Amino acid sequence: MKILLVEDNKTIGSNIKKYLELEHHEVIRAENGLYAFEILKHKIFDVIVLDLMLPGMDGITLCKNIKKINPGIPTIMTTAKWELEDKLEWFDSGADDYLVKPFDLKELSARIQAISKRVGTKNIIDHKNIRIDRDQKKVFKNNEEIKLTLKEFQILEYLFDRLGRSVSRSEIIDEIRGNDQIFEEDAKLDVYISNLRKKLGKSLIDTIKGFGYQIAN
């Protein structure tokens, strides 16, 4: 998974990062809340692990801001506080889980795995800087919602479901057309693909000459 670790203590942050990387996660670390928030405007993560006490922007404020731009991203708060009032404040900010310091790195890894399973049930697809929310039929680029038509969304979702392989034009048309007879026109597919590239980036969808399309790796 792609994990954003927000921890200002260099020793603790380094130890957590090394451990999670040994668990085969991709970890980016930020040492203050403001920098973390800037990163989140341009990159998509599967999980965020953030400390409560941070310079620049504290963990509570950061968590609230994260949930405004990306409410579906799971967040684990780490803190030395443990009173009930503190826990209620964390969850009110949007935190999905918490760990009280000092904690075992194995437990952190287990919490991350548990959260990832819960996210899986929300039908979220992430690839590079693109996120698809199946339930809400929404698409985000760099955490900014991009408005798509229903047909554009269906085509994009279909290609993402077949990530890593080429999909023929006829396969896409047969799947997406439904009762829409206008989709009988093969050229109509080119229009939808062109619109998706304009909205989400030219390099997102590769053309397989004489065959069809695929999501670029």
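A residue counts as exposed when its relative accessible area is over 50%, and as buried when that value is under 20%. H24 has a relative accessible area of 72%, so H24 is exposed. This residue sits in the loop between α1 (10-22) and β2 (26-30). Its phi is near 75°, a positive value in a residue other than glycine. These values, like those that follow, come from a predicted model.

The chain as a whole can be described briefly. It has 8 helices and 12 strands. Its C-alpha atoms fill a box of roughly 65 × 30 × 30 Å along the principal axes. Of its 217 residues, 43% count as buried.

Helix α1 contains K10. With a relative accessible area of 59%, K10 passes the 50% cut-off and is therefore exposed. K10 and R29 are 19 residues apart along the chain, and their C-alpha atoms are separated by 10.0 Å.

A second positive phi occurs at N143, where the angle is near 70°; this residue, too, is not glycine. N143 lies in the loop between β8 (138-141) and β9 (144-146). How does the surface status of N143 read, buried or exposed? Its relative accessibility is 10%, which is under the 20% cut-off, so N143 counts as buried. H24, by the rule given at the start, is exposed at 72%.

N143 also belongs to the lining of the largest cavity, together with L40, K43, I44, F45, I48, I66, I69, N70 and I73. The volume of this cavity is about 40 Å³. The count of cavities of 30 Å³ or more comes to 1. Among the lining residues, L40 is found in helix α2 (residues 33-40). Its relative accessibility is 3%, and L40 therefore counts as buried. L40 and I69, both in the cavity lining, are 29 residues apart in sequence, with their C-alpha atoms 8.8 Å apart in space.

N70 has a place in the lining of the cavity and also in that of the largest pocket. The largest pocket has a volume of about 220 Å³. Of the 12 residues that line this pocket, N70, P71, G72, D133 and Q136 are the closest to its centre. Strands β7 and β8 each supply at least two residues of the pocket lining.

The next region is the nonpolar interior. In soluble globular proteins, nonpolar side chains tend to be buried together. In this model the largest nonpolar core has 24 residues, and the members that touch the most others are I155, L156, L159 and I172. The elements that give two or more residues to this core are β7 (130-133), α6, α7 (169-177), α8 (186-200) and β12 (212-215). Helix α6 gives the most, with 6 residues. Another core lies apart from this one; it has 21 residues, including V6, F37, L50 and A95.

Strand β7 thus appears in two descriptions: it supplies residues to the lining of the largest pocket and to the largest nonpolar core.

Helix α6 can be followed in more detail. It spans residues 150-161, and the distance from its first C-alpha to its last is 16 Å, close to the 16 Å expected for its 12 residues at 1.5 Å a residue. The helix is mostly covered, with 9 of its 12 residues buried. Which residues of α6 are buried? They are K151, E152, F153, I155, L156, E157, Y158, L159 and F160. The list includes K151, E152 and E157 as well as I155, L156 and L159, which are among the core members that touch the most others.

Y158, one of the buried residues of α6, also takes part in a contact with R162. The charged end of R162 sits over the ring of Y158, 3.6 Å from the ring centre. As for contacts between rings, a search of the whole structure finds 0 aromatic pairs.

One feature of the backbone remains. The peptide bond from K101 to P102 is cis, with omega near -10°. P102 lies in the loop between β5 (97-100) and α5 (105-120).

How values were computed:
Residues are numbered from 1 along each chain as its sequence is written. This is a predicted model: local features need pLDDT of at least 70, side-chain atom pairs count only at pLDDT 80 or more; totals for chains, interfaces and linings use all residues. Side-chain values use heavy atoms; hydrogens and water are left out. Helices (H or I, at least four residues) and strands (E, at least two) are DSSP runs, numbered from the N terminus. The expected span of a helix is 1.5 Å times one less than its number of residues. Buried means under 20% relative accessible area, exposed over 50%, partly exposed in between (1.4 Å probe, protein chains only). Rings of Phe, Tyr and Trp (its six-membered ring) pair if their centres lie within 6.5 Å; planes under 30 degrees apart count as stacked, over 60 as edge-to-face and the rest as tilted. A charge sits over a ring if NZ of Lys or CZ of Arg is within 6 Å of the ring centre and within 35 degrees of the ring normal. A nonpolar core is a set of buried Ala, Val, Leu, Ile, Met, Phe, Trp, Tyr and Cys residues joined through side-chain atoms within 4.5 Å. On a 1 Å grid over the protein atoms alone, a cavity is a set of points where a 1.4 Å probe fits but cannot get out, and a pocket is an open set with protein on both sides within 12 Å along at least five of seven lines; lining residues have an atom within 4 Å of a point. Grid points are joined across faces, edges and corners, and a volume is the space filled by probe spheres set on the points.
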